[in-house]
Amino acid sequence: MKVCIAEKPSVAREIASVLGANTKHDGYFEGNGYAVTYTFGHLCTLCEPGDYKPHWKSWDLNNLPMLPEKFKIKVADNKGVKKQFNIIKRLFDKAEVVINCGDAGQEGELIQRWVLSEANYKGKVQRLWISSLTTEAIKEGFENLKPAEDYDNLFYAGFSRSIGDWLLGINATRLYTVKHGGYKQVLSVGRVQTPTLAMLVNRHKEIENFKPEPYWELQTLYRDTLFSYEEGRFLKMEDGEKLANKVKEHEFEIVSITKKKGTEYAPKLFDLTGLQVYCNTKFGFSADETLKIAQRLYEKKIVTYPRVDTTFLPNDIYPKVKNILSKLTDYSAFTQPLLNKKIKKSSKVFNDKKVTDHHAIIPTGIQTHLQPAEQQVYDIITKRFIAVFYDDCKVSNTTVIGKADDVNFKTSGKEILSKGWRVVFETDGSKTKGESILPTFTKGEKGPHEPSFLEKQTKPPKQYTEASLLRAMETAGKQVDDDELRDLMKENGIGRPSTRANIIETLFKRKYIKRNKKQILPTVTGIQLIDTIQNDLLKSAELTGNWEKQLKDIEKGEISANTFIKGMKRMVDALVYEVRSEKVETRISAVNNKPTVKTKSKSKSEKLIGATCPKCQKGQLLKGKNAYGCNRFGKGCDFLLPFQFADKKVSENQYSRLLSKGSTVNLKGFKVDGKSAEGLLRFDDHFKLKLEPKQTTKRQIKAGDTCPKCKTGTILKGKTAFGCSNYKTGCDFRVSFYKT
């Protein structure tokens with residue numbers, strides 16, 4: 001039997017229908033030699049800290065950093081998930097081959113590989129890789145199944161991403177929460193969400209600290225057309241006033257008219273970020289809403305896979321274009337002129353080098369009834385697709401120079417000579433930004449005019465909207481308006497197109513950001529968190545973009561997952577050391593914290609005596625003559641906590657802390673081999689006490705380590721001291737050799 005595993009029940013149903021697996025069972029479809037089962041998102045997850053070491057469950061600075069040697073996965077702790085996983089495992093046990101039908105992307109690959117791994121499946125695996133859910137696409141996909149090994153690097157990239165997020169998210173969140181969190185305030189810190197929040201906070205502060213400066217503009221109105229002083233604005237009022245008074249006394253004369261023909265290309269096809277930006281600007285949809293709508297359109301088979309980061313199509317799509325256009329009968333007024341001639345093929349649309357796993361979002365040709373919001377999104381995807389096969393728009397860009405006395409003024413405008421692709425969007429009432437149509441001027445003509453001399457002020461940058469924030473995430477915070485340059489920077493963007501909406505939603509849920517109409521503003525808590533984080537790397541959009549580039553390189557097989565994970569571990573280790581050493585302590589309170597009712601604390605004796613035995617988990621702790629012990633002592637449990645350990649008395653409070661948090665605090669007065677020692681007590685694997693020596697505040701520096709100051713250079717060993725390899729570019733880190 002061939003077992004197919006899809007990511008959602010709805011997708012499994014479509015695949016089963018095409019394969020003829022029409023008998024429905026609990027958790028799968030069967031028939032024609034196939035069983036088609038499904039996950040519902042992540043059935044398996046990375047293990048939690050407490051799954052590696054019991055004391056890691058406790059949020060305690062002494063437990064940080066948590067750096068597992070080998071990362072493990074587990075089935076999510078949910079009855080429905082476990083039931084479905086067991087169904088899948090039983091099918092795998094009977095399978096001659098498993099066909100991975102997960103979403104054709106990094107996350108889809110990760111979800112299914114984890115299930116295969118946790119089910120301990122060792123047989124043959126093939127991969128279904130499709131960009132739409134039409135019957136034709138599914139059939140074609142099954143005729144061209146790929147070896148699972150072709151997608152190993154995609155899995156390694158997804159696995160590395162998850163581990164990177166675990167390492168930084170869990171360690172940094174616990175670190176800042178314990179060090180700086182107020183009452184019941186968890187300070188969530190993440191690899192992508194924190195630099196995104198930092199961009200919002202930095203913009204907010206730029207605006208708050210902005211001091212407007214005055215400037216003056218000299219303009220004049222001639223034949224209902226506004227001309228501006230050719231040399232720009234004035235920074236001193238008196239300079240402009242002289243010219244303003246001068247031009248009042250003279251007629252306005254047209255000096256020159258320059259026309260330059262130009263070409264305007266159709267708007268690019270949509271990638272996910274472009275679609276989210278357009279829908280936020282035009283319809284006010286959030287990024288998350290747009291993604292959900294696009295996903296529904298995909299599952300209804302009417303558009304291709306939406307979680308993409310390219311605006312291009314591969315060349316093998318070109319032969320299918322005419323067929324897709326012919327099926328778009330609701331748009332026949334636009335498609336008919338194209339179907340009567342050879343379909344245009346432009347390198348601005350078709351480029352194999354710009355397409356990796358998937359191509360731009362386009363319609364499939366299937367049409368169906370849609371909800372209003374779905375129709376709006378589908379309509380613009382379809383019109384963009386149609387428009388790229390129209391002729392280019394031909395324009396004439398006109399620049400007119402006029403003068404009053406010897407003072408020159410300038411205006412410019414556009415004349416559309418041939419509409420080309422613009423006819424597709426005419427019904428939208430859309431107009432190109434800054435577009436103006438000029439009247440016909442003649443060189444040498446003169447006439448009266450109305451000059452004006454206006455005082456204006458410089459304006460602060462604008463607050464982010466969801467659209468502009470998405471673009472900033474795409475370019476790692478750099479202001480980029482050019483489409484070609486933006487394409488080049490995508491590899492270094494913050495997050496993936498499919499995750500950016502979720503990152504923004506997470507910041508809303510954490511109450512780090514809020515909406516003000518279309519604007520996104522940081523809350524007091526969000527600002528306090530960014531101000532508290534002294535480590536610039538955690539807030540760096542550029543560094544996060546660099547991580548994203550490394551993950552892309554793993555996907556391409558250019559670097560190993562191990563290299564990325566080791567780098568993340570080094571950074572987390574340095575971060576924990578740095579923050580634990582900070583002397584400044586701030587406490588961040590939750591937004592709108594409700595007052596809580598105080599409960600009576602337990603007496604000291606109640607904390608330990610009567611507590612559940614940590615070893616057998618069945619007995620209770622009693623106080624004896626020389627130790628605390630389990631009441632099942634002699635009945636199979638030998639757990640003891642002696643009143644004195646290594647010649648030092650240990651208080652009941654410290655043992656209570658050991659049980660609840662995994663360790664005591666650092667204590668002085670122990671004696672080991674006749675010498676005084678300081679450290680904290682923990683349990684070993686057999687629940688016997690062990691002394692963990694206190695961590696020294698100074699760590700041994702070695703050549704080759706990451707520089708603890710700039711975090712980008714490496715430590716070099718000189719004649720008398722250690723220094724940073726970035727000393728030429730400004731890093732002054734230097735430590736003299738320790739005396740021996």
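## A hairpin late in the chain

Gly679 sits across from Pro693, a residue of strand E26. The pairing here is between E25, covering residues 675-683, and E26, covering 689-693; the two strands run antiparallel and share five bridges. Together E25 and E26 make a hairpin, with five residues linking one strand to the other. Have a look at Phe687 in that turn: its phi is positive, about 60°.

## How far to trust the model

Keep in mind that this is a predicted model. Mean pLDDT for the protein chain is 88, and 91% of the residues get to 70 or more. Two stretches deserve some caution. Over residues 430-434 pLDDT stays under 50, and the model gives this stretch four contacts beyond four places in sequence. Residues 591-606 also stay under 50, with nine such contacts.

## The chain as a whole

There are 740 residues in the protein chain, and 49% of them are buried. The secondary structure adds up to 22 helices and 29 strands. Along the principal axes, the C-alpha atoms take up a box of roughly 110 × 80 × 60 Å. Among contacts in the chain with a separation of 6 or more, 70% are between residues 24 or more positions apart.

## The mixed sheet

One open sheet has seven strands, ordered E2-E3-E4-E1-E7-E8-E9, and its pairing is mixed. At the edges are E2 (23-25) and E9 (146-147), each of which pairs on one side only. Further in, E1 (residues 2-6) and E7 (residues 97-101) are a parallel pair with five bridges. Within that pair, Lys2 stands opposite Val97 of E7.

Helix H3, residues 79-93, packs on this sheet and touches E1, E3 (28-31), E4 (34-38) and E7. The direction of H3 makes about 155° with that of E4.

## The antiparallel sheet

The other sheet to look at is also open and has seven strands, this time in the order E15-E12-E13-E14-E11-E10-E16 with antiparallel pairing. E15 (446-447) and E16 (450-457) are the edge strands, each pairing on one side only. E16 is tied to E10 (residues 214-222) by eight bridges, the two running antiparallel. One of the partnerships to E16 is Glu217 with Leu454.

Helix H8 (residues 237-248) lies across E10, E11 (225-229), E13 (393-404), E14 (407-418) and E16. H8 runs at about 165° to E16.

## Two nonpolar cores

The largest nonpolar core counts 86 residues, and Phe92, Leu168 and Tyr176 have the most contacts inside it. Helix H6 (residues 152-180) is the top contributor to this core, giving nine residues. Leaving aside residues up to four places away in sequence, Tyr176 touches Gly181, Leu187, Val189, Thr532, Ile533, Gln534, Asn535, Leu538, Leu575 and Val579. Apart from that core lies another one of 65 residues, whose members include Cys4, Phe29, Tyr38 and Leu133.

## Cysteines without a bond

How many disulfides does the structure hold? Zero. Take Cys4: the closest cysteine sulfur belongs to Cys101 and is 4.4 Å away, so the two are too far apart for a bond. The cut-off for a disulfide is 2.5 Å between the sulfur atoms. Cys4 is buried, with 0% relative accessibility, and Cys279 is likewise buried at 0%.

## An enclosed helix

Why does helix H16 (residues 497-509) count as largely enclosed by the rest of the structure? Because ten of its 13 residues are buried. The buried set is Pro497, Ser498, Arg500, Ala501, Ile503, Ile504, Glu505, Thr506, Leu507 and Phe508, so the list takes in Arg500 and Glu505 as well as Ile503 and Leu507.

What do the buried residues of H16 pack against? Four helices are partners: H7 (193-208), H9 (272-283), H10 (287-299) and H14 (466-474). Strands E17 (513-516) and E18 (519-522) are partners as well. After H16 comes Lys511, with a positive phi near 65°.

Definitions and conventions
Residues are numbered from 1 along each chain as its sequence is written. This is a predicted model: local features need pLDDT of at least 70, side-chain atom pairs count only at pLDDT 80 or more; totals for chains, interfaces and linings use all residues. Side-chain values use heavy atoms; hydrogens and water are left out. Two strands pair if DSSP finds at least two bridges between them. Buried means under 20% relative accessible area, exposed over 50%, partly exposed in between (1.4 Å probe, protein chains only). A nonpolar core is a set of buried Ala, Val, Leu, Ile, Met, Phe, Trp, Tyr and Cys residues joined through side-chain atoms within 4.5 Å. Contact means heavy atoms within 4.5 Å. pLDDT is the predictor's confidence in each residue, from 0 to 100. Axes are lines fitted to C-alpha atoms, for helices over the stretch in contact, and angles run from 0 to 180 degrees between N-to-C directions.
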